[in-house]
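Colleague: Could you take me slowly through this model, one point at a time?

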Amino acid sequence: MAISFFSDQKVQEILKETQRVLEVLPKEELSQEDKEWIHKTTLEAYEKNINPGILEYRKSVSTEYTAIEWSDYGNAFTDINGRKYIDLLGGFGIYNVGHRHPKVIKAVLDQLKRQALHSQELLEPFRAILAKLLADLTPGDMEFSFFGNSGTEAVEGAMKLAILHTGRKSFIAAVNGYHGKTMGALSATAKARFRQPFLPILPDCYHTPFGDADAMEDMLKSADMVGNDIAAVILEPIQGEGGINVPPDDYLPRVRDLCDRYGALLIMDEVQTGMGRTGKMFACEHWNVIPDILCLGKALGGGVMPIGAFISNRSIWEHLFAEPWLHSTTFGGNPLACVAAIAGIHVLLEEKLPERAERMGNYVMQKLKSLRRRFPKLCVDVRGKGLMIGIEFPSDEIGFEIARGLFDAEVLVAGTLFNAKTLRIEPPLTITQQEIDKAMLVMEKVFKEVNAKYFPEKVPVRRTITERS
Ligand SMILES: Cc1ncc(COP(=O)(O)O)c(C=O)c1O
């Protein structure tokens with residue numbers, strides 16, 4: 001064999017291992033030997049070939065029991081040993097229509113049987129239809145879409161488009177904002193630990209406190225006075241990774257006005273809030289604010305395929321008409337991802353999932369607020385909109401301990417990328433009342449245990465008569 005880098009023996013080993021995977025994949029029931037092999041190989045490869053650091057952070061390996069995911073359906077994950085976890089995390093906002101919704105799976109399989117990826121030259125029907133659907137769904141006069149494979153790519157493209165349209169190069173983002181980790185998006189992301197090693201990235205990206213329209217005005221005014229004109233303000237309508245922060249009601253409308261006054265575009269990053277998560281199809285609808293560019297990702301792929309998009313109106317998109325390859329990517333807009341997104345949109349509307357998110361969100365919120373009243377030292381705050389809810393604890397340590405306690409009891413939640421003290425409740429919008437009730441009972445039990453550990457009740461000391469006298 002003409003492989004010069006490694007021996008025939010290595011080739012045989014690789015063939016054996018790949019063959020084993022191909023044999024395991026179609027199995028409905030794994031043998032004990034299969035399970036042990038997968039368990040051992042996974043842990044070893046994380047240690048040696050992915051990143052041993054990850055093993056330190058995952059609560060799925062923080063107990064004696066190591067959970068290796070194997071299948072999912074509806075509103076739950078099942079691990080390789082058959083333990084089933086109610087999913088209150090929702091893949092950080094991927095699974096809005098649930099896990100492997102039959103309509104999304106069917107669309108993807110139907111497409112897969114005919115064609116998997118695109119020719120890169122012929123016209124692609126489902127990319128076109130998805131773009132048309134997004135034009136119909138999104139607020140205002142947004143008509144044109146570009147498809148990539150992730151949220152960070154959506155943000156990257158949106159920032160480039162803002163530069164093209166305005167001829168300006170500077171951006172304003174918000175403190176505690178998260179927009180991804182590629183170099184452009186990372187400039188807008190606001191966590192020092194993620195940015196500092198790569199500075200200066202985009203040098204003219206400024207951050208202002210989220211929810212404070214006066215601070216935004218001051219920053220735009222100063223930028224204008226020094227001639228450092230702002231191409232765009234980029235914001236999440238509700239901050240996700242920064243801790244589920246909902247702004248005051250006048251914030252986004254005021255920012256919209258300010259952008260217009262200072263000639264900056266408003267990029268709304270709805271990668272996490274979009275596709276019904278907060279009780280509206282897009283969170284900006286809560287405040288009747290129409291952005292100039294909208295970014296989508298995560299749930300756009302119907303919980304089955306990765307896809308991201310940025311969308312805008314004709315007058316902004318015109319800059320790409322003459323040179324459509326100014327921004328492109330090989331896999332973006334591939335037919336599998338596009339049919340998954342189309343099916344996902346169908347399910348969201350047919351099952352009225354944004355409305356359901358609002359209804360179930362109110363229910364969860366009410367349950368959590370009552371827990372907060374019972375455990376005021378342990379639970380500092382509960383906030384959010386729809387099924388995008390944050391529970392804040394006094395410290396990262398306590399937040400992690402609660403998340404681990406829930407995980408041990410087969411309820412999956414997680415902190416945010418910024419900290420572990422705020423836990424996120426972002427279940428599939430299809431979550432049932434029964435599943436929520438079960439998860440809330442578990443939560444109550446874990447709250448009780450952790451509360452007793454960190455805030456033990458002081459037992460009043462009974463003093464004797466002689467002590468008193
Ligand atoms: C608001 C927001 N924007 C962008 C991103 C980046 O998306 P991705 O991780 O798909 O690159 C995220 C991811 O969490 C996000 O929450």
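What follows is a short exchange of questions and answers.

Modeller: This is a predicted model, in which local features need pLDDT of at least 70 and side-chain atom pairs count only at pLDDT 80 or more, while totals for chains, interfaces and linings use all residues. Residues are numbered from 1 along each chain as its sequence is written.

Colleague: How many residues of domain 1 are in contact with domain 2?

Modeller: The protein chain is divided into domain 1 (102-350) and domain 2 (353-454), with bounds that come from an automatic or database domain assignment. Two residues are in contact if their C-beta atoms, placed from the backbone, lie within 7 Å. On the side of domain 2 there are 20 such residues, and on the side of domain 1 the number is 19.

Colleague: Why does the largest nonpolar core lie between the domains?

Modeller: A nonpolar core is a set of buried Ala, Val, Leu, Ile, Met, Phe, Trp, Tyr and Cys residues joined through C-beta atoms within 7 Å, where buried means that 20 or more other C-beta atoms lie within 10 Å of a residue's own. Of the 121 residues in the largest one, Ala232 and Ala340 touch the most other members. The core lies between the domains because residues come to it from both domain 1 and domain 2.

Colleague: Which helix gives the most to this core?

Modeller: Helices are DSSP runs of H or I with at least four residues, numbered from the N terminus. With 10 residues, the one that gives the most to this core spans residues 335-350, and this is helix H13.

Notes: A residue is buried if 20 or more other C-beta atoms lie within 10 Å of its own, exposed if 12 or fewer, and partly exposed in between; C-beta atoms are placed from the backbone. Helices (H or I, at least four residues) and strands (E, at least two) are DSSP runs, numbered from the N terminus.
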